[in-house]
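The exercises below ask you to read a protein chain and its ligand shell from the coordinates. Try each task before going through its worked solution.

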Amino acid sequence: MLNKKRTSRVLSHFLVTFPTAPHTEITEKGEIVYSEVNRENVRKLEAYVEEMASADQISGSVNIQKIQDDVVKLWNVVKSQPEISEEQKSRIKALYDGVVRSLRKAPDNRPLLHLKRRVGTQWEYSSNLTGVYFDVLNEIATSGTTFKDKNALITGVGKGSIGVEILKGLLSGGAHVVVTTSRYSRATVEYYQGIFQRFGSRGSALTVVPFNQGSKQDVEALVDYIYTTLGLDLDYIIPFAAVPENGRQIDGLDDKSELAHRIMLVNLLRLLGTVKTKKASRQIVTRPTQVVLPLSPNHGLFGNDGLYSESKISLETLFNRWSSESWGEYLCLVGAVIG
Ligand SMILES: NC(=O)c1ccc[n+]([C@@H]2O[C@H](COP(=O)([O-])OP(=O)(O)OC[C@H]3O[C@@H](n4cnc5c(N)ncnc54)[C@H](OP(=O)(O)O)[C@@H]3O)[C@@H](O)[C@H]2O)c1
């Protein structure tokens, strides 16, 4: 549901929706069932912003001393077991030391959603930037916002994706959004038509383009279509196309992993490079395109996912290349660390 409010300068858009939260249930048969549920006591976007701004609190008070004592007891039980080998004991001891160390650490008050600033070669949590960010979110929640005259490209917008939720917000705010689909069909077009009918607002437009991000030719044709045929200059690029690579360790890297890496890294860079070339050839130097890079905290932590971590880590080199190469005046970068 969308409300529109006329102000003296621009039309502000409010997205009136119930914020939801992920919910997972394990059935008696052991199946994992995921659903989105309404957030308790959070009926408005403002309340959701407030909830996000408050640091993650563990419900109830935590007695750190008791946890430490229990861990010590657990360790004493473990080391008294004759069937545990010395090697296993030393591994458990190392884990035990780690748990005790982390319990002694000062509590971390950063909200789950926060911004980092680069300090030297490291990225560090910035309470200042995070505060500004939440102020802006609060302003949007209370006064609305607009994407009037803004043009966006989103790849990876299939059902259930993060991209499709971003699409709804951009259309609600009046943007012209170009989305791609690697499954072009009548059903797919009708799916996006349904989204436009529900979320489209004054001035908004939605263009659906068949596209395979694994193809260099498609990348070039897509950007040419946007800049030459549609005559748009992109304000935002959200290059979220991705394919899963689960089940592949280093001895099982196959052609699917290579294709995924090409989609999530090589051709993502090509996409940005092609946009830069179009902007340079049109001498568009005063309105850089904002790119939202889909990063992940998974830098090999989960394992078994082919070249996924390599694709994501490698995107982070762009933050250095932004200043060491010569395209910084055409593209602005922000990294969204998701998960
Ligand atoms: N979800 C998470 O927890 C998480 C965590 C960290 C990072 N990320 C990153 O955030 C981004 C979005 O994640 P998500 O969960 O929304 O992904 P998702 O639901 O898996 O969606 C990815 C989309 O990519 C599109 N796609 C697949 N093959 C393609 C191809 N050859 N060419 C063009 N598009 C193709 C598919 O849409 P169509 O087939 O309809 O085009 C699909 O809907 C990804 O880059 C992901 O790696 C996600």
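Begin with the end of one helix: α5 (162–172) is followed by G174, whose phi is positive, near 95°. Because this is a predicted model, local features are reported only where pLDDT is at least 70 and side-chain atom pairs only at pLDDT 80 or more, while totals for chains, interfaces and linings use all residues. Residues are numbered from 1 along each chain as its sequence is written.

**Exercise 1. Summarise the protein chain as a whole.**

Step 1. Count the secondary structure, taking helices (H or I, at least four residues) and strands (E, at least two) as DSSP runs numbered from the N terminus; the protein chain has ten helices and twelve strands.

Step 2. Sort residues by burial, where a residue is buried if 20 or more other C-beta atoms lie within 10 Å of its own, exposed if 12 or fewer, and partly exposed in between, with C-beta atoms placed from the backbone. Of the 339 residues in the protein chain, 20% are buried.

Step 3. Examine the contacts, two residues being in contact if their C-beta atoms, placed from the backbone, lie within 7 Å. Among contacts in the protein chain with a separation of 6 or more, 68% join residues 24 or more positions apart.

**Exercise 2. Describe the shell around the ligand, and place S161 within the fold.**

Step 1. Collect the residues near the ligand, meaning those whose C-beta atom, placed from the backbone, lies within 6 Å of it. There are 25 residues around the ligand, and the closest are G156, G158, S161, A241 and P294.

Step 2. Assign the shell to elements: α5, β8 (176–181) and α8 each supply at least two of its residues.

Step 3. Divide the shell by class, with Ala, Val, Leu, Ile, Met, Phe, Trp, Tyr, Cys and Pro counted as nonpolar, Asp, Glu, Lys and Arg as charged, and the others, Gly among them, as polar. The result is ten nonpolar, 14 polar and one charged residues.

Step 4. Turn to S161, which is found in the loop between β7 (151–155) and α5 and is partly exposed, since 15 other C-beta atoms lie within 10 Å. When residues up to four places away in sequence are not counted, S161 touches G156 and F240; the C-alpha atoms of S161 and F240 are separated by 8.9 Å, although these residues are 79 residues apart along the chain.

Step 5. Complete the picture of α5 by listing its buried residues, which are G163, L167, L170, L171 and S172.

**Exercise 3. Determine how helix α9 is packed.**

Step 1. List the buried residues of α9 (residues 308–315), namely Y308, S311, K312 and L315. Seen down the axis of α9, these fall within an arc of 90°, so they line one face of the helix; the arc is that of the directions from the helix axis to the C-beta atoms.

Step 2. Identify the partners of these buried residues, which pack against α8 (255–281), β11 (289–295) and α10 (318–324).

Step 3. Compare the axes, which are lines fitted to C-alpha atoms, for helices over the stretch in contact, with angles running from 0 to 180 degrees between N-to-C directions. The axes of α8 and α9 lie 9 Å apart at an angle of about 5°, which makes α8 roughly parallel to α9, the class for angles under 35 degrees, as against roughly antiparallel over 145, roughly perpendicular from 65 to 115, and oblique for the rest.

Step 4. Name the contact residues: H261, M264 and L265 come from α8, and E310, S311, S314 and L315 from α9. By class they divide into three nonpolar, three polar and one charged.

**Exercise 4. Which residues other than glycine have a positive phi near 55° or of about 60°, and where do they lie?**

Step 1. Q283 has phi near 55° and is placed in the loop between α8 and β11, where it is exposed, with 7 other C-beta atoms within 10 Å.

Step 2. N304 has a phi of about 60° and lies in the loop between β11 and α9; N304 is exposed as well, with 11 other C-beta atoms within 10 Å.
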